[in-house]
Amino acid sequence: MRVLIAGASGLIGSALVDRLRREGHEVRRLVRREAREGGELRWDPPSGTIANGAFEGVDAVVNLGGKPLFPGRWSAMRKQELTDSRVEPTEVLAEAVAEHGVGVLVNASAVGYYGHTHESIVDESGPRGRGFLAELCEAWEAATAGAGDARVVNIRTGLVLSAKGGLYGTLRPLFQLCLGGRLGDGRQYMPWIALEDEVGAIVHALTHDDLSGPVNLTGPAPVTNAEFTRAAGRALHRPAPWWVPGIALKTVLGQAGEEMALFGQRAVPAALERSGYEFRHRTLDSALAAA
């Protein structure tokens with residue numbers, strides 16, 4: 001396949017580019033700076049411009065762009081920046097996909113769509129939850145509406161586990177210093193996924209015509225924050241005795257602290273497994289060992 005990727009420089013994008021190239025696919029990368037390497041093409045979402053020829057012969061588009069949600073508080077201005085960095089580029093890509101007759105659009109989203117699900121298990125049929133993240137994901141997915149006849153897959157990604165970045169890459173130094181601990185009451189669910197399976201699932205979405213609509217990219221067995229804390233401690237052979245009170249997270253980080261650290265989704269990958277995807281890491285211990 002010839003695949004055009006936006007957001008190819010991030011943790012997931014970089015691993016996806018490597019995987020696709022190893023499997024013999026041609027990868028083109030959309031960048032917002034001047035193109036410097038072969039396969040790079042410049043685009044500017046605010047103006048709606050994309051380099052000439054970017055979509056020539058392209059079979060599929062993967063959109064992984066968006067400003068980081070963390071760290072920092074979510075002021076009104078910050079929320080607008082986070083929304084604009086996702087919705088506007090997605091609209092531009094969706095329209096280009098329709099214009100050039102591209103067959104597949106795989107678009108990033110997140111399990112934050114479900115809000116805080118407490119103990120309830122949710123699959124892709126679950127309703128949108130409450131909160132800024134849920135509203136952001138809904139708008140992000142709706143921005144793909146202009147993709148015409150393309151098969152659209154909105155990948156609702158969980159917490160990606162890798163030593164190179166993401167949640168585990170951020171927490172690992174703290175655990176190594178014996179500063180790991182649960183957040184709040186520790187009962188909020190953490191829908192983790194190994195980086196290898198995150199990338200594998202995206203490739204699966206690109207190549208399986210029966211997969212469309214929202215697809216949870218999470219491991220088969222989500223765990224609570226308390227369970228995750230104990231597992232991370234085991235993986236790094238370190239105690240994790242600390243506890244960060246929920247009120248402290250909300251006081252210091254506001255809504256961002258509440259939704260990013262204290263909200264949880266007991267999300268399962270029902271659509272992905274129905275389509276035949278086989279996980280390399282079905283348990284948290286396996287995923288942490290790989291990371």
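Contact between two elements means heavy atoms within 4.5 Å. The exercises below apply this to a predicted model.

**Exercise 1.** Determine which residues of H2 and H3 meet, and describe the contact by class.

*Solution.* Step 1: on the H2 side, the residues in contact are Lys-79, Leu-82, Thr-83, Arg-86, Val-87 and Thr-90. Step 2: their counterparts in H3 are Phe-132, Leu-136, Ala-139 and Trp-140. Step 3: sorted by class, the contact of H2 with H3 comprises six nonpolar, two polar and two charged residues.

**Exercise 2.** Characterise how the axes of H2 and H3 cross.

*Solution.* Step 1: two packed helices are described by the angle between their axes and the distance between the axes. Step 2: the axes of helix H2 (residues 76-100) and helix H3 (residues 132-142) come within 9 Å and cross at roughly 20°. Step 3: angles under 35 degrees count as roughly parallel, and H2 is therefore roughly parallel to H3. Step 4: the crossing of H2 and H3 is right-handed.

**Exercise 3.** Establish the strand order of the open sheet and identify its edges.

*Solution.* Step 1: the eight strands follow the order E4-E3-E2-E1-E5-E6-E8-E13, and their pairing is mixed. Step 2: strand E4 (49-50) and strand E13 (213-217) each have a single partner strand, so one side of each lacks a neighbour in the sheet. Step 3: within the sheet, strand E6 (residues 104-110) and strand E8 (residues 151-157) run parallel, joined by seven bridges.

**Exercise 4.** State which strands H2 lies across.

*Solution.* H2 lies across E1, E2, strand E3 (40-44), E4, E5 and E6, and runs at about 175° to E5.

How values were computed
Residues are numbered from 1 along each chain as its sequence is written. This is a predicted model: local features need pLDDT of at least 70, side-chain atom pairs count only at pLDDT 80 or more; totals for chains, interfaces and linings use all residues. Side-chain values use heavy atoms; hydrogens and water are left out. Axes are lines fitted to C-alpha atoms, for helices over the stretch in contact, and angles run from 0 to 180 degrees between N-to-C directions. Helices (H or I, at least four residues) and strands (E, at least two) are DSSP runs, numbered from the N terminus. Angles under 35 degrees count as roughly parallel, over 145 as roughly antiparallel, 65 to 115 as roughly perpendicular and the rest as oblique. A crossing is left-handed if the near helix is turned anticlockwise from the far one by less than a right angle, and right-handed if clockwise. Ala, Val, Leu, Ile, Met, Phe, Trp, Tyr, Cys and Pro count as nonpolar, Asp, Glu, Lys and Arg as charged, and the others, Gly among them, as polar. Two strands pair if DSSP finds at least two bridges between them.
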